Amino acid sequence: MNELKFAWLEVTGLCNETCDHCYADSGPQGTHGTMTPQDWTDVVDQLADMGTSHIQFIGGEPTLYPHLNDLIVHAHDAGLGIEVFSNLTHVREPLWDTFQRCGVSLATSYYSDAPEDHDAVTHLRGSHRRTRVNVEKALDLGIPVRGGVVAVRGGQRTVEAAQDLLALGVKEVGGDRTRAFGRGSRGAAPTIADLCGHCAHEKCAIGPTGDVWPCVLGRFLTIGNVREQQLVDIWGGSQMAQVTADITAVHGDGAQSCTPPQFLPMCGPCQPCVPTVAHCDPAEAGAENDPATIAAPA
């Protein structure tokens, strides 16, 4: 039985950064979409009723969504485990208190130990300093933090970035290469072959317009819309069955590679990679390191 255990809730397409590789193509011109706060509250309730255990608020930059605090409190009261994936450059003071009270964990992207390299990826001056300061603040407050280091540019010092996070006290650091979606595709059309093949297995993503996707990267494969149907009817419905069949036709039964670890705290088929693992793709473990993927530190 394919239970829905995890859901990404992409509450906004607005972001204060314009990262080169952004799979969602979000940025300062993004919007909060057509989902109302009540729509999101209803989705949280439906997920809880379906037995979902964890959700991740994501964007865009979710801390720019004005109702994030209320949604976190509601999700916590509904018994859901909560993670917020944020660039950690814009955390308002009341959110820190909510993070602590509601047992929220955080995940963030970190591109280099060198401020100029990190800022060159985000296109936001001072973003490295603000992210790093707030990683330290979260850890000081006892809020768990996961880090994801995505290799975007040559000479980016990705290994050093991972080592810097570990030195700060971040316990879990994953690495990934740029994926061919959104701005990362450089204009190429998305394909099922670029996905990991584990999409729609115990997980889904819901976007700012209510569209339901098999994962955050598979946003070109819509399986329904929560403004038109109940999530329980979408999950396992005919549209999802067709999308799942299309994915299986390309990847076969079962995933051959990890979901990018910075996106999913319970990703399968293996746990999030750490810098001592040379490859994020189990099928390629032991092969020569892809230069775009974090390699093991010397």
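**Exercise 1. The faces of helix H2**

Which residues are buried in helix H2 (residues 68–77)? Work out how they sit around the axis, and what they pack against.

*Solution.* Note at the outset that this is a predicted model.

Step 1. List the buried residues. In H2 they are Leu68, Leu71, Ile72 and Ala75.

Step 2. Look down the axis of H2. The buried residues fall within an arc of 100 degrees, so they line one face of the helix.

Step 3. Recall the helix rule. An α-helix has 3.6 residues a turn, so residues three or four places apart point the same way.

Step 4. Turn to the face away from the buried side. Asp70 and Asp77 are there, and they are exposed.

Step 5. Find the packing partners. The buried residues of H2 pack against helix H1 (37–49), strand S2 (54–58), S3 and H3.

Step 6. Check what follows. Just after H2 comes Gly79, with a positive phi of about 90 degrees.

**Exercise 2. Helix H8**

Repeat the analysis for helix H8 (residues 238–251), starting with its span.

*Solution.*

Step 1. Count and compare. H8 has 14 residues. From first C-alpha to last it reaches 20 Å, close to the 20 Å expected at 1.5 Å a residue.

Step 2. Pick out the buried residues. They include Met240, Val243, Ile247 and His251.

Step 3. Place them around the axis. They cover an arc of only 65 degrees, which puts them on the same side of H8.

Step 4. Inspect the face turned away from that side. It carries Ser238 and Ala249, both exposed.

Step 5. Name a cover. Helix H7 (231–234) is included in what covers the buried residues of H8.

Step 6. Read the residue after the helix. Gly252 follows H8, and its phi is positive, near 80 degrees.

**Exercise 3. Strand S4 and its neighbours**

Is strand S4 (residues 105–109) mostly covered or mostly uncovered? Then trace its pairing.

*Solution.*

Step 1. Check burial. Five of the five residues of S4 are buried, so the strand is mostly covered.

Step 2. Sort the directions. Ser105, Ala107 and Ser109 point one way, while Leu106 and Thr108 point the other way. In a regular strand the side chains alternate between the two faces of the sheet.

Step 3. Take one neighbour. Strand S3 (residues 81–85) pairs with S4 in the parallel sense, over three bridges. The bridge partner of Phe85 in S4 is Ala107.

Step 4. Follow the chain. It runs from S3 through H3 to S4, a β-α-β crossover that is right-handed.

Step 5. Take another neighbour. S4 and strand S5 (residues 145–151) also pair in the parallel sense, over four bridges. Here Ala107 stands opposite Arg146.

**Exercise 4. Aromatic pairs**

How many aromatic pairs does a search of the whole structure find? Classify each.

*Solution.*

Step 1. Count. The search finds two.

Step 2. Classify Phe6 and Trp8. Their ring centres are 5.2 Å apart and their planes are at 90 degrees, so the pair is edge-to-face. Both Phe6 and Trp8 are buried.

Step 3. Classify Trp96 and Phe99. The centres are 5.9 Å apart, the planes are at 85 degrees, and the pair is edge-to-face. Trp96 and Phe99 are buried too.

Step 4. Locate that pair. Trp96 and Phe99 are three residues apart in helix H3 (residues 93–101), so about one helical turn separates them.

**Exercise 5. Two buried helix residues**

What do Val121 and His128 touch, leaving out residues up to four places away in sequence?

*Solution.*

Step 1. Start with Val121, in helix H4 (residues 115–122). Its relative accessibility is 0%, so Val121 counts as buried.

Step 2. List its contacts. Among them are Thr18, His21, Tyr111 and Val152.

Step 3. Move to His128, in helix H5 (residues 127–140). At 5% relative accessibility, His128 counts as buried.

Step 4. List its contacts, which include Tyr110, Asp113, His118 and Asp119.

**Exercise 6. Unusual backbone**

Which peptide bond is cis, from Gly59 to Gly60 or elsewhere? Add the positive phi values outside glycine.

*Solution.*

Step 1. The bond from Gly59 to Gly60 is cis, with omega near 20 degrees. Gly60 lies in the loop between S2 and H2.

Step 2. Asp25 is not a glycine, yet its phi is positive, about 55 degrees. At 48% relative accessibility, Asp25 counts as partly exposed.

Step 3. Glu202 has a positive phi near 70 degrees. Its place is the loop between strand S6 (172–177) and strand S7 (203–206).

Note on methods
Residues numbered from 1 in each chain as written. Heavy atoms only, no water. Phe/Tyr/Trp six-rings, centres within 6.5 Å; stacked < 30°, edge-to-face > 60°. Buried < 20%, exposed > 50% of the residue type's maximum accessible area, 1.4 Å probe, protein only. Helix = DSSP H or I, 4+ residues; strand = E, 2+ residues; numbered from the N terminus. Pairing = 2+ DSSP bridges. Right-handed = clockwise from strand over helix to strand, strands pointing away. Expected span 1.5 Å × (residues − 1). Arc of directions from axis to C-beta. Contact = heavy atoms within 4.5 Å.
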